[in-house]
Amino acid sequence: MNQNKLINNVNDIAHIYFEKILPGGAGIIVDGTCGNGNDTLFLAKLAPEAKIYAFDIQDKAIENTKALLGENNIQNVTLICDSHAKMGEYVTEKIDLAVFNLGYLPGADKSLTTKAESTLSAIKYAAENLSDGGYISICAYLGHEGAADEYEALRSYLETLKNREFNVALTSHINRRETSPVYILVEKI
């Protein structure tokens, strides 16, 4: 029996998709919420030829990510201490993969969270600037204050994407609490 839990949490699910999407691929990747740098590192190792932009509004997140990337000798990441809502000021190329882990920085102040307005701005920019065959990966954590509003706004927007242009899939653990995280994958056709 397989001891690896493939879908234990939404990050595990995201990583399965990343492994399918990115092997050996170059291109433009945006980590809209780099946090402690775990996804940024995973993406950089998976796509060493890619150009990666990693955003976070918290200095601590940028410091943590910088340290993790340094420990692993990663050179293809540009760290940006700014809101993902300002993505368009930094990323002008077509985006092949945009990654978002919504919520708060693990191990830090839980009152500092992603917000509906900035998240929607970033997701809209990413969707409008996705390359053909590009993806947006979203791990939405629903247990913190304001998370339900952010998720509903995000879901409402994603439902408007034309199905001739985008596939949008939602994955959730139906045997867990209603506030358990969900995973959304957007694919530009």
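Helices and strands here are DSSP runs, numbered from the N terminus, with at least four residues for a helix and at least two for a strand. With that settled, this is a predicted model, and its protein chain runs α-β-α-β-α-β-α-β-α-β-α-β-β from the N terminus on. That comes to six helices and seven strands.

## The chain as a whole

Let's start with the overall build. The radius of gyration is 16 Å, and a compact globule of 189 residues would come out near 16 Å, so the protein chain agrees with the globule rule. Along the principal axes, the C-alpha trace spans about 45 × 40 × 40 Å.

Now for the inside. Of the 189 residues in the protein chain, 48% are buried. If you take the contacts with a separation of 6 or more, 70% of them join residues 24 or more positions apart.

On the outside, the accessible surface is about 10000 Å², and carbon and sulfur atoms hold 49% of that. The protein chain carries 17 positive and 25 negative charges, and the mean positions of the two sets lie 3 Å apart.

## Salt bridges

How many salt bridges does a search of the whole structure find? The search turns up four. Here are three pairs, with their N to O distances.

| Positive partner | Negative partner | N to O distance |
|---|---|---|
| lysine 51 | glutamate 93 | 3.2 Å |
| lysine 86 | aspartate 82 | 3.6 Å |
| lysine 188 | aspartate 132 | 3.8 Å |

Take the pair of lysine 51 and glutamate 93, whose side chains meet at 3.2 Å. This pair links distant parts of the chain, with lysine 51 in strand E2 (residues 51-56) and glutamate 93 in the loop between helix H4 (87-90) and strand E4 (95-102), 42 residues apart. Lysine 51 has 38% relative accessibility, so it counts as partly exposed. Glutamate 93 is at 25% relative accessibility and therefore counts as partly exposed.

The side chains of lysine 86 and aspartate 82 form another of the bridges. Is aspartate 82 buried or exposed? Aspartate 82 is buried, because its relative accessible area is 15% and the cut-off for buried is under 20%. Lysine 86, at 38% relative accessibility, counts as partly exposed.

Then there is lysine 188 with aspartate 132, where the closest N and O atoms are 3.8 Å apart. Here, too, distant parts of the chain are linked: lysine 188 sits in strand E7 (residues 182-188) and aspartate 132 in strand E5 (residues 130-140), 56 residues apart. Lysine 188 is buried, with a relative accessible area of 17%, whereas aspartate 132 counts as exposed at 65% relative accessibility.

Lysine 188 also brings arginine 164 into the story. These two residues are 24 residues apart in sequence, and their C-alpha atoms are 9.1 Å apart in space. You'll find arginine 164 in the loop between helix H6 (147-159) and strand E6 (166-172). Its relative accessible area is 65%, so arginine 164 is exposed.

## Helix H2 and the loop before it

Which residues of helix H2 (residues 38-46) are buried? They are Asp39, Thr40, Leu41, Leu43, Ala44 and Leu46. What do the buried residues of H2 pack against? Their partners are helix H1 (10-21), strand E1 (28-31), E2, helix H3 (59-71), strand E3 (77-81) and E4.

In the loop between E1 and H2 sits glycine 37. Glycine 37 counts as buried because its relative accessibility is 0%. Leaving aside neighbours within four places in sequence, glycine 37 is in contact with Thr65 and Leu68. With threonine 65, the C-alpha to C-alpha distance is 4.1 Å, although glycine 37 and threonine 65 are 28 residues apart in sequence.

## A positive phi after H3

One more spot deserves a look: asparagine 73, in the loop between H3 and E3. What is its phi? Asparagine 73 has a positive phi of about 55 degrees, although it is not a glycine. Is asparagine 73 buried or exposed? Its relative accessible area is 59%, so asparagine 73 is exposed.

Technical notes: Residues are numbered from 1 along each chain as its sequence is written. This is a predicted model: local features need pLDDT of at least 70, side-chain atom pairs count only at pLDDT 80 or more; totals for chains, interfaces and linings use all residues. Side-chain values use heavy atoms; hydrogens and water are left out. The radius of gyration is taken over C-alpha atoms; the globule rule is 2.2 Å times the number of residues to the power 0.38. Buried means under 20% relative accessible area, exposed over 50%, partly exposed in between (1.4 Å probe, protein chains only). Contact means heavy atoms within 4.5 Å. Accessible areas come from the Shrake-Rupley method with a 1.4 Å probe; for residues, only the protein chains shown count as cover. Lys and Arg count as positive and Asp and Glu as negative; His and the chain ends are not counted. The place of a charge is taken as NZ of Lys, CZ of Arg, CG of Asp or CD of Glu.
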